[in-house]
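Hello,

Here is the structure I promised to pass on. Please open it first, then read my notes below.

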Amino acid sequence: MEALFSTEGLNPLHSFRRWREALVSRGVPLEQTRLDDRPFRAKLEAASVGPLVLTRVTHGAMRSEATRGLIRRNGKDGTVVVIFKVAGTSKRSQDGRSSVQRPGEVVVIDHRPAAHESSTDSQSLFLELPRERLESVLGSTRRYTSLTMGADVVSTGLTVTFFQELVRLRDRLDPDSATRMASVGVDLIVASIAERLTLDVSQPLHGTVVVQRAKAHVEAHLGDSTLDPPQLAAAVGVSLRRLQELFHARGQHISDWIWQRRLEASAKRLADPGCAQMPIGSLAFGCGFANQAHFSRRFKERYGMAPREYRHAAFVGTP
């Protein structure tokens, strides 16, 4: 990863002040205080994988607080932060919920007032995502901010391992592959949150969570052309009839939702400069369409133009 800041070589008397200055210069909306009197050490590193920017932060024991005023000045209201704990322990509080994160665990924090305390030699990997990407499947972030996704969530282990390998192998990925892998990683995050929500949900909310898990599964398996309602019901552990009832209660049909998400994902990739060189057929296959003809027909029915025309229209006027 590229080093952005390090206290190495700095006078220990000034290292914490320089650290705070470095964060302010990068628009990080935090007030910070130290929790011990040891020489303060910190490092800030970053790496890009497709459209994702991953930031690794290592620092000593301290307390951080995001206040409403700082957040407002930061101007990132449309995003949330996914945090992978790498070393040490952290305690985070937001939206009336507090939790502890240990290595291998994941937590989501929104750009609202929040507090964080970390141990000495704490290290975390931060990933900023559009809030809409999570809320379109999982509902309001207030339901899962500061909710630890730990070892009791099977998909968390898969997600953490995936991102560790993604960071390690990023330089070996071509731009198209990096974009696809980034999308897979985000889908895994969504699936992990959905699974975590089922662990302590009250019974009246169970149907909602089942639908959310089903939608998260669809997001994570859009490229599987065999994905259908029976397979989806089996994946979330309910009968097909029950899943149909839950979708119908929300004015939706399972198969319609699957095709809707495939078409929306394909439209997004057609308009993405990172996918500009991807053949239409490969793009269609990656979104779960068995063949290009079927994709073109469905796409034109939905968007009123052929995929190639849609891509051309998206890039008109771009440099």
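**A pair in helix H8**

Arginine 241 and glutamate 245 sit 4 residues apart in helix H8 (residues 240-248), so about one helical turn separates them. The two form a salt bridge, with their closest N and O atoms 3.6 Å apart. Arginine 241 is exposed, at a relative accessible area of 64%. Glutamate 245 is partly exposed, at 38%. Please keep in mind that this is a predicted model.

**Other salt bridges**

A search of the whole structure gives 17 salt bridges. Side chains of opposite charge can pair when their charged atoms come close.

One salt bridge joins the side chains of arginine 302 and glutamate 264, at 3.6 Å from N to O. Arginine 302 belongs to helix H11 (residues 292-303) and glutamate 264 to helix H9 (residues 254-270), so this pair ties together parts 38 residues apart in sequence. Arginine 302 is partly exposed, with 37% relative accessibility. Glutamate 264 is also partly exposed, with a relative accessible area of 24%. Both belong to one network, in which salt bridges that share partners join Arg133, Asp187, Glu219, Arg261, Glu264 and Arg302.

Now look at aspartate 110 and arginine 112. Their side chains meet in a salt bridge of 2.8 Å, N to O. Are these two buried or exposed? Aspartate 110 has 3% relative accessibility, so it counts as buried. Arginine 112 is buried too, with a relative accessible area of 15%. The cut-off for buried is under 20%.

**The sheet of 6 strands**

This sheet is open and its pairing is antiparallel. The strand order is S1-S3-S4-S11-S6-S9. Strand S1 (2-6) and strand S9 (106-110) are the edges, each pairing on one side only. Neighbouring strands are turned by 25° against each other on average, direction ignored.

Strand S4 (residues 52-59) pairs with strand S11 (residues 122-130) over 6 bridges, in the antiparallel sense. Threonine 55 has phenylalanine 126 in S11 as its bridge partner. Helix H5 (residues 175-197) lies across strand S3 (42-49), S4, strand S6 (79-87), S9 and S11. This helix H5 runs at about 100° to S11.

**The sheet of 5 strands**

Another open sheet has the order S2-S5-S10-S7-S8, again with antiparallel pairing. Its edge strands are strand S2 (31-34) and strand S8 (97-101). Here neighbouring strands are turned by 15° on average, direction ignored.

Strand S7 (residues 90-94) and strand S10 (residues 114-118) form an antiparallel pair over 5 bridges. Glutamine 94 stands opposite alanine 114 in S10. Helix H1 (residues 15-25) lies across S2 and strand S5 (62-66), at about 160° to S2.

**The nonpolar cores**

In soluble globular proteins, nonpolar side chains tend to be buried together. Which members of the largest nonpolar core touch the most other members? They are Phe163 and Ile193, in a core of 33 residues. S4, S6, S9, S11, helix H3 (131-138), helix H4 (154-169), H5 and helix H6 (206-220) each supply at least two residues of this core. H5 gives the largest share, 9 residues.

Phenylalanine 163 touches Leu52, Leu54, Phe84, Leu127, Gly185, Val186 and Ile189, leaving aside residues up to four places away in sequence. A second, separate core has 29 residues, among them Val236, Leu246, Ala265 and Leu270.

Best wishes

How values were computed:
Residues numbered from 1 in each chain as written. Predicted model: local features only at pLDDT ≥ 70, side-chain atom pairs only at ≥ 80, totals over all residues. Heavy atoms only, no water. Pairing = 2+ DSSP bridges. Axes fitted to C-alpha atoms, helices over the stretch in contact; angles between N-to-C directions. Contact = heavy atoms within 4.5 Å. Core = buried A, V, L, I, M, F, W, Y, C linked by side-chain atoms within 4.5 Å. Buried < 20%, exposed > 50% of the residue type's maximum accessible area, 1.4 Å probe, protein only. Salt bridge = Lys/Arg side-chain N within 4 Å of Asp/Glu carboxyl O.
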